[in-house]
Amino acid sequence: MTQVKAAVFASGTGSNFQAIMEAGDLGCEIVLLVCDNPDATVIDKAKYHDIPVFVFQPTNYESKEAYEQVIIKYLIEANVSWIFLAGYMRIVGSTLLKAYKGKVINIHPSLLPQFPGKDGIEQALEAGVTKTGVTVHYIDAGIDTGPIIAQETVEVLPQDSITTLKKRIQKAEHELYPSVIKQLLKK
Ligand code: GRF
């Protein structure tokens with residue numbers, strides 16, 4: 001039986017990419033990392049796992065549509081049918097969304113719809129909530145607005161700093177994301 005193939009999109013450290021790579025049988029094979037930042041350490045993680053990387057600089061293209069067309073070419077060549085965003089710091093445009101309708105998911109460090117956008121962890125601390133968490137959701141045209149697939153609550157402790165809260169959020173992310181992928185691909 002041929003394995004379903006998937007790509008991870010990331011821009012930074014890649015701890016979620018690593019968690020996905022090390023989660024064991026996901027029901028799919030990760031065949032490509034797409035990265036918009038040539039200096040991102042996630043690229044080293046992909047090399048370590050022998051995963052091909054398409055790295056691009058958005059400023060080298062005249063529009064989002066132009067670079068998304070190139071991304072789609074790479075995805076098609078690699079037979080990718082699912083896209084997992086893991087710290088991809090760009091809004092996915094309509095070109096990619098149309099090509100991969102219902103097949104793009106994201107992980108976000110808050111209990112959406114609370115604290116969308118950048119700095120979900122900082123926003124939770126500033127708001128003084130006692131509970132925050134992580135969300136895996138489908139991508140739509142908005143910022144962190146697509147249908148929610150799964151959430152995990154993380155307690156905010158009175159003494160929490162960004163560093164300590166981030167550590168617990170990431171632990172939850174690294175468990176939730178691979179387990180959601182497994183569930184989705186079973187269907
Ligand atoms: C994660 O907190 C994820 O929820 C958010 O971006 C961060 C990426 O972290 N979308 P990493 O690069 O996977 O370590």
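Colleague: Where does the ligand sit in this model?

Modeller: The ligand sits in the largest pocket. The model is a predicted one.

Colleague: What makes you say that the ligand sits in the pocket?

Modeller: The test asks that more than half of the ligand's atoms lie within 2 Å of the pocket's grid points. The ligand is assigned to the largest pocket, so it meets that test.

Colleague: Which elements give two or more residues to the shell around the ligand?

Modeller: They are helix 1 (15-21), strand 5 (104-108) and helix 6 (162-186). The residues around the ligand include Ser-15, Asn-16, Ile-107, His-108, Gln-170 and Glu-173.

Colleague: What makes the pair of Ser-15 and the ligand a polar contact?

Modeller: A side-chain N or O atom of Ser-15 is 2.5 Å from an oxygen atom of the ligand. The cut-off is 3.5 Å, so the pair counts. Asn-16 passes too, with a backbone N or O atom 2.8 Å from a ligand oxygen. Ile-107 has a backbone N or O atom 2.9 Å from a nitrogen atom of the ligand, so this pair is also a polar contact.

Colleague: How much of the ligand's accessible area does the protein cover?

Modeller: On its own, the ligand has 360 Å² of accessible area, and the protein covers 84% of that.

Colleague: How many residues of each class does the shell have?

Modeller: By class there are 7 polar, 2 nonpolar and 1 charged. Glycine counts as polar here, so Gly-14 and Gly-87 fall in the polar class.

Colleague: Why is the pair of Glu-29 and Lys-5 called a salt bridge?

Modeller: Their closest N and O atoms are 3.8 Å apart. The limit is 4 Å, so the pair qualifies. The structure holds 5 salt bridges.

Colleague: What does the pair of Glu-29 and Lys-5 tie together?

Modeller: Glu-29 belongs to strand 2 (residues 28-35) and Lys-5 to strand 1 (residues 4-10), so the bridge joins parts that are 24 residues apart in sequence.

Colleague: How do you know that the peptide bond from Leu-112 to Pro-113 is cis?

Modeller: Its omega is near 10 degrees. Pro-113 is in the loop between strand 5 and helix 5 (120-127). Most peptide bonds are trans.

Colleague: What is the phi of Asp-50?

Modeller: Asp-50 has a positive phi of about 60 degrees, although it is not a glycine. Most residues other than glycine have a negative phi. Asp-50 lies in the loop between helix 2 (42-48) and strand 3 (53-55).

Notes
Residues are numbered from 1 along each chain as its sequence is written. This is a predicted model: local features need pLDDT of at least 70, side-chain atom pairs count only at pLDDT 80 or more; totals for chains, interfaces and linings use all residues. Side-chain values use heavy atoms; hydrogens and water are left out. A residue is near a molecule or strand if one of its heavy atoms lies within 4 Å of it. A polar contact is a pair of N or O atoms within 3.5 Å; within protein, one must be able to donate a hydrogen and the other to accept it, and residues adjacent in sequence count only if both atoms are side-chain atoms. Accessible areas come from the Shrake-Rupley method with a 1.4 Å probe; for residues, only the protein chains shown count as cover. On a 1 Å grid over the protein atoms alone, a cavity is a set of points where a 1.4 Å probe fits but cannot get out, and a pocket is an open set with protein on both sides within 12 Å along at least five of seven lines; lining residues have an atom within 4 Å of a point. Helices (H or I, at least four residues) and strands (E, at least two) are DSSP runs, numbered from the N terminus. A salt bridge is a side-chain nitrogen of Lys or Arg within 4 Å of a carboxyl oxygen of Asp or Glu.
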